[in-house]
Amino acid sequence: MKSNTVWLVIPCYNEQEVLPETSKQLRDIMHGLMAEGKISSQSRIAFVNDGSKDMTWNIISQLHEEDHIFTGINLAHNRGHQNALLAGLMTAKDYADAAISLDADLQDDVGAIGQFIDKFLEGKDIVYGVRSTRATDTVFKRGTAHAFYKVMKFMGADTLEDHADYRLMSKRALEGLAQFKEVNLFLRGIVPMIGYETDIVYYERHERFAGESKYPLKKMVSFAVDGITSCSVKPIRMITTIGMLVFSISILMLIYFIVVWAMGRVVAGWTSIVISLWGIGGIILLSLGIIGEYIGKIYMEVKERPRFIIEKVLYEASPCQNKQ
């Protein structure tokens, strides 16, 4: 029979307002699944503290003291959502048969956790959580989200539409993920590269329970740029195509002006010259910016700096028990 120790991995950054309710709902779900025999008593809820400035780590420590089902992973300093998530998954890899990643704000429907585990017990190595609807989003957010996935697909990044980081990964899928050593992480693009048998669980995304979103528009744009440049070289190839196109146009313009000169006609051309200078100058600056993004990523990769440093792990190997 397939072993079924499952860890929930939840990155946290300044989540003191939502953690009490999140921990309560997750604990009830996990104890229920244990009672049904779907997961073992060694299953855990792992909160990863990503250098929070509030009481997040204190709350995690208190939860661990009250019930050993809670595990705490404290990063030495803030490393960002993707690195915090990776730290939790790599820790879970050493203890669990599968890990489910989700956010702390209860926007991901925790009621779908049982469906993830059912798929895992059927033999799936990766199970993606996909939103069934975006009815709760504003028109702007819905439009930008769809645009994001279309751009990612056009740029060659293999991502699943309406899937964020709510997913289950088996132990061997986690071991496959551990082989990807890049510093510039975009897990939504990396996980599909692992392979193995996959499936999908559809769920409705809720409003954030409390606190503020950690992904304002500026961070979302930055996240999109990181995703594209981490998973695809198509922007570089587009620069080559644009360069060839501009060069071809310049050859045609050269021929045109030679013909005009031979015919003895005076060419004013101020407007066309100004437009050409601004147009070509803009293309050059844009191209340099795109190339700079890739050079910056190469710079970070060759340094081989650690993606995260764990300061402390709160974990008890004994069966879960409530100390209250």
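Reader: Which residue does the side chain of Arg167 meet in a salt bridge?
Author: This is a predicted model: local features need pLDDT of at least 70, side-chain atom pairs count only at pLDDT 80 or more, and totals for chains, interfaces and linings use all residues. Residues are numbered from 1 along each chain as its sequence is written, and side-chain values use heavy atoms, with hydrogens and water left out. A salt bridge puts a side-chain nitrogen of Lys or Arg within 4 Å of a carboxyl oxygen of Asp or Glu. At 2.8 Å, N to O, the partner of Arg167 is Asp165.

Reader: Are Arg167 and Asp165 buried or exposed?
Author: Buried means under 20% relative accessible area, exposed over 50%, and partly exposed in between (1.4 Å probe, protein chains only). By that rule, both Arg167 and Asp165 are buried.

Reader: How many helices and strands are there in the chain?
Author: Both are DSSP runs, numbered from the N terminus: helices are H or I with at least four residues, strands are E with at least two. The chain has ten helices and eight strands.

Reader: What part of the contacts with a separation of 6 or more comes from residues 24 or more positions apart?
Author: A contact needs heavy atoms within 4.5 Å. Buried residues make up 42% of the 324 residues in the chain. For contacts with a separation of 6 or more, residues 24 or more positions apart account for 84%.

Reader: Why do the buried residues of α4 line one face of the helix?
Author: Helix α4 covers residues 113-121, and its buried residues are Ile113, Gly114, Phe116, Ile117 and Phe120. Look down the axis and take the directions from the axis to the C-beta atoms. The buried residues line one face because they fall within an arc of 155°.

Reader: Which elements are included in what covers the buried residues of α4?
Author: One helix to look for is α1 (19-35). The cover also includes the strands β1 (6-12), β4 (98-101), β5 (126-131), β6 (163-170) and β7 (198-203).

Reader: What is the phi of Gly123 near?
Author: Gly123 follows α4. Its phi is positive, near 115°.

Reader: Why is the pair of Phe47 and Phe70 stacked?
Author: The structure holds four aromatic pairs. Rings of Phe, Tyr and Trp (its six-membered ring) pair if their centres lie within 6.5 Å; planes under 30 degrees apart are stacked, over 60 edge-to-face, the rest tilted. Phe47 and Phe70 have ring centres 6.0 Å apart, and the pair is stacked because the planes lie at 20°.

Reader: How many residues apart in sequence are the parts that Phe47 and Phe70 tie together?
Author: Phe47 is buried at 0% relative accessible area, and Phe70 is buried at 1%. Phe47 lies in strand β2 (residues 44-49) and Phe70 in strand β3 (residues 70-75), so the parts tied together are apart in sequence by 23 residues.

Reader: What is the angle between the planes of Tyr166 and Tyr203?
Author: This aromatic pair is edge-to-face, 5.1 Å centre to centre, with planes at 85°. Tyr166 is in strand β6 and Tyr203 in strand β7, 37 residues apart. Tyr166 is buried at 1% relative accessibility, and Tyr203 at 3%. The angle asked for is 85°.

Reader: Which residue forms one aromatic cluster with Tyr166 and Tyr203?
Author: Look to helix α4, where this residue is one of the buried ones. The cluster is completed by Phe116.

Reader: Which side chain does Lys124 join through a polar contact?
Author: Lys124 sits in the loop between α4 and β5 and is buried, at 14% relative accessible area. A polar contact is a pair of N or O atoms within 3.5 Å; within protein, one must be able to donate a hydrogen and the other to accept it, and residues adjacent in sequence count only if both atoms are side-chain atoms. At 2.8 Å, the partner of Lys124 is Glu197.

Reader: How far apart are the closest N and O atoms of Arg27 and Asp67?
Author: The structure holds ten salt bridges. Arg27 in helix α1 and Asp67 in the loop between α2 (56-66) and β3 are 40 residues apart. Both are buried. They form a salt bridge with closest N and O atoms apart by 3.8 Å.

Reader: With which residue does Lys93 form a salt bridge?
Author: Lys93 counts as buried at 16% relative accessibility. Its partner counts as exposed at 55%. The closest N and O atoms are 3.3 Å apart, and the partner is Asp94.
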